[in-house]
Amino acid sequence: MTTLTPHKPAPPRPGSTVAPAAPGPRPAQDPAWRELVDAVREAGQYRTRAEAESVTRVVLSALGGHVVGDERVDLARALPEAAARVVASQIPATRRLSAAEFVDSVAARIEGATPATARWDVSSVLSVLPPLVGDELVTRILDQLPPGYALLFGRVELLPAA
């Protein structure tokens, strides 16, 4: 299993005279982004890195619309730069979605997806986040979302007794 490490920008090299062509590394060249995509590829057993990258972008963009406030800021800070941009660029959702509705919304964004394949995709991405962003932040995110999301993050969700 791939082990993820939090993204930390590399310090500038002394005497470096080559300026980057664009702000920040391109996602394919960012080692932290590649590590995240490789973890998703392994978790979801995707055949190609491109497929895993596409699923990662779709799921993180969907999540970005549903995580707000300090949790959204902290999530973006903990993710690789390319993933942080995907999360932070989303307009906050006007309506909270149940976990099943969230999965359905992801299915609508992936060509040929069914609710079952979308659930796989969502779980493949969200289940690799806790080692990267930390369990405490995942708990705070889950506290903000309706019941049912914990399983998507690879956690058991205990329901209060009736």
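Student: Why are H2 and H4 called oblique to each other?

Tutor: Keep in mind that this is a predicted model. The axes of helix H2 (residues 49-64) and helix H4 (residues 81-88) cross at roughly 45 degrees. Angles under 35 degrees count as roughly parallel and 65 to 115 as roughly perpendicular. The H2 and H4 crossing fits neither range, so the pair is oblique.

Student: Which residues make that contact?

Tutor: On the H2 side you have Arg57, Leu60, Ser61 and Gly64, and on the H4 side Ala83, Val86 and Val87. By class, that is four nonpolar, two polar and one charged residues. The two axes come within 7 Å.

Student: And H1 with H2, what makes that pair roughly perpendicular?

Tutor: Helix H1 (residues 31-44) packs against H2 at an angle of about 100 degrees, with the axes 9 Å apart. The range for roughly perpendicular is 65 to 115 degrees, so H1 and H2 earn that label.

Student: What meets what between H1 and H2?

Tutor: H1 brings Trp33, Arg34, Leu36, Val37, Asp38, Val40 and Arg41, while H2 brings Arg49, Ala52, Glu53, Thr56, Arg57 and Leu60. Sorted by class, the contact of H1 with H2 has six nonpolar, one polar and six charged residues. Arg57 and Leu60 of H2 also turn up in the contact with H4.

Student: How do you know that Gln45 is exposed?

Tutor: Its relative accessible area is 63%. Exposed means over 50%, so Gln45 passes. You'll find Gln45 in the loop between H1 and H2.

Student: What stands out about the phi of Gln45?

Tutor: Phi of Gln45 is near 55 degrees, a positive value in a residue other than glycine. Most residues other than glycine have a negative phi.

Student: Now the rings: why is the pair of Phe102 and Tyr149 called tilted?

Tutor: A pair of aromatic rings is described by the distance of the centres and the angle of the planes. For Phe102 and Tyr149 the centres are 5.5 Å apart and the planes are at 55 degrees. Centres must lie within 6.5 Å to pair, while planes under 30 degrees apart count as stacked and over 60 as edge-to-face. The angle for Phe102 and Tyr149 falls in neither class, so tilted is what remains. The count of aromatic pairs by this rule comes to one.

Student: What makes you say the pair links distant parts of the chain?

Tutor: Phe102 sits in helix H5 (residues 99-109) and Tyr149 in the segment after helix H8 (135-144), 47 residues apart. Phe102 and Tyr149 are both buried.

Student: Phe102 is in H5, so why is H5 called roughly perpendicular to H6?

Tutor: H5 and helix H6 (residues 115-126) pack at about 100 degrees, with axes 8 Å apart. That angle belongs to the 65 to 115 range, so roughly perpendicular is the right term for H5 and H6. Phe102, Val103, Asp104, Val106 and Ala107 in H5 meet Pro115, Ala118, Arg119, Val122 and Leu126 in H6. The residues of this contact divide into eight nonpolar, no polar and two charged.

Student: What makes Ala76 buried, but Arg140 partly exposed?

Tutor: Buried means under 20% relative accessible area, with partly exposed running from there up to the exposed class. Ala76, in helix H3 (residues 69-78), has 17%, so Ala76 counts as buried. Arg140, in helix H8, has 21%, so Arg140 is partly exposed.

Student: Which residues does Arg140 contact, leaving aside neighbours within four places in sequence?

Tutor: Asp70, Glu71 and Asp74. Arg140 and Glu71 are 69 residues apart in sequence, yet their C-alpha atoms are 6.8 Å apart.

Student: How do you know that Pro130 counts as buried?

Tutor: Pro130 has 11% relative accessibility, under the 20% limit, so Pro130 is buried. Pro130 is found in helix H7 (residues 129-133). Its contacts, leaving aside neighbours within four places in sequence, are with Asp135, Val138 and Phe153.

Student: Zooming out, how many helices and strands are there, and what share of the chain is buried?

Tutor: The chain has eight helices and zero strands. Of its 162 residues, 41% count as buried.

Note on methods. Residues numbered from 1 in each chain as written. Predicted model: local features only at pLDDT ≥ 70, side-chain atom pairs only at ≥ 80, totals over all residues. Heavy atoms only, no water. Helix = DSSP H or I, 4+ residues; strand = E, 2+ residues; numbered from the N terminus. Buried < 20%, exposed > 50% of the residue type's maximum accessible area, 1.4 Å probe, protein only. Axes fitted to C-alpha atoms, helices over the stretch in contact; angles between N-to-C directions. Parallel < 35°, antiparallel > 145°, perpendicular 65-115°, else oblique. Contact = heavy atoms within 4.5 Å. Nonpolar A, V, L, I, M, F, W, Y, C, P; charged D, E, K, R; others polar. Phe/Tyr/Trp six-rings, centres within 6.5 Å; stacked < 30°, edge-to-face > 60°.
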